[in-house]
Every structure is written in C-alpha cells, then in structure tokens.
Amino acid sequence: GKESDLPTSEATVLNENLTADKKKIKARERNSLAMAYLLTAFKSAADVSLAYETTSNEWPAGLAHEVVNKLKEAYQPKDSVTEVELDERLLSAKMKAKEDLRTLFEQVASKQ
C-alpha cells in the first residue's frame, strides 16, 4: 500500500534538518528508486504503459505502490477459472530447435 510518509507531491520542498521531513525525504527517495527498478524490469510496452498511467501533476515520475496495484489487477488470477486459463496459455508457448531462448521468454510474457 501507500507509504504513510510520502509527501503530497514529488516537488514538495522539504527541510532535511527537520525530523518529520527526513522521513518524507527518505520515502520520496524509496519511491523514486522503486519506480526506477520497476521500469528497468519491465520488458513489455504494456507494463511500461501501466507505470505511466500512475503519473500525475503531483507525481510526474509515478507512484510505485500504484504501479504494483495495477500489476496485481492485470496479472493476478481472480478465480480458479482464470488461473486455469492462464496455465493453458502458458503451456501453449513453444520453442523450436535452435531458436533463441529469449523467444520463449517473450511468448510467456505476452501470454500473462
């Protein structure tokens, strides 16, 4: 969920000498780092799009907890039928002899 120490916006001016602001500065840094890690890890344009959907005037780089929520919505099976359908799609991924292993990984990623 949302980190309680996050300031109201990315641009909020904070004083590193104030104890309360120190927590907000650290929370903002954690969010920034998490967003960088998420964007680096994403391989599909659809996942990158999910991250950009979380951007706003207050948080132009996005909020990591919102990206995680969107990823859960998109990829977490909602019931056992959905889980079975996902398993069937994943099992349909095929790789030919001498084919690059990345092709298989791309197929799996596209079916999720």
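A helix crossing counts as right-handed when the near helix is turned clockwise from the far one by less than a right angle. That is how H2 passes H3 in this predicted model. The protein chain has 5 helices and 0 strands, and H3 is a good place to start, as it supplies 3 residues, the largest share, to the largest nonpolar core.

**The chain overall**

- Read from one end of the sequence to the other, the pattern is α-α-α-α-α.
- The protein chain has 112 residues, and 21% of them are buried.
- Take the contacts with a separation of 6 or more: 43% of them are between residues 24 or more positions apart.

**The largest nonpolar core**

- Eight residues is the full count here, written as 8 residues in all: Met35, Leu38, Phe42, Leu50, Ala51, Ala64, Val67 and Leu71.
- Three helices put at least two residues each into this core, namely H1 (19-41), H2 (45-52) and H3 (64-75).
- H3 gives the largest share of the core, with 3 residues.
- As general background, nonpolar side chains in soluble globular proteins tend to be buried together.
- Leu38 is a handy residue to click on: leaving out residues up to four places away in sequence, Leu38 touches Ala64, Val67 and Leu71.

**H2 against H3**

- The axes of H2 and H3 sit 9 Å apart, and the two helices pack at an angle of about 135°.
- H2 is therefore oblique to H3, since an angle has to be over 145 degrees to count as roughly antiparallel.
- On the H2 side, the contact is made by Asp47, Leu50 and Ala51.
- On the H3 side, Val67, Lys70, Leu71, Ala74 and Tyr75 make the contact.
- Sorted by class, this contact of H2 with H3 comes out at 6 nonpolar, no polar and 2 charged residues.

**H1 against H3**

- H1 and H3 cross at roughly 40°, and their axes come within 9 Å.
- That angle makes H1 oblique to H3, because roughly parallel would need an angle under 35 degrees.
- H1 brings Asn31, Ala34, Met35 and Leu38 to the contact, while H3 brings Ala64, Val67 and Leu71.
- The class split for the contact of H1 with H3 is 6 nonpolar, 1 polar and no charged.
- Val67 and Leu71 turn up in the contact with H2, and both are also part of the contact with H1.

**Two residues in H3: Ala64 and His65**

- Ala64 lies in helix H3 and is a member of the largest nonpolar core.
- With a relative accessible area of 10%, Ala64 is buried, because the cut-off for buried is under 20%.
- Setting aside residues up to four places away in sequence, Ala64 touches Asn31, Ala34, Met35 and Leu38.
- Ala64 and Ala36 are 28 residues apart in sequence, yet their C-alpha atoms are 9.1 Å apart in space.
- His65 is also found in helix H3.
- At a relative accessible area of 17%, His65 is buried too.
- Have a look at the start of the chain for the partners of His65: Gly1, Lys2 and Leu6 are in contact with this histidine, once its neighbours within four places in sequence are left aside.

Key. Residues numbered from 1 in each chain as written. Predicted model: local features only at pLDDT ≥ 70, side-chain atom pairs only at ≥ 80, totals over all residues. Heavy atoms only, no water. Core = buried A, V, L, I, M, F, W, Y, C linked by side-chain atoms within 4.5 Å. Buried < 20%, exposed > 50% of the residue type's maximum accessible area, 1.4 Å probe, protein only. Helix = DSSP H or I, 4+ residues; strand = E, 2+ residues; numbered from the N terminus. Contact = heavy atoms within 4.5 Å. Axes fitted to C-alpha atoms, helices over the stretch in contact; angles between N-to-C directions. Parallel < 35°, antiparallel > 145°, perpendicular 65-115°, else oblique. Nonpolar A, V, L, I, M, F, W, Y, C, P; charged D, E, K, R; others polar.
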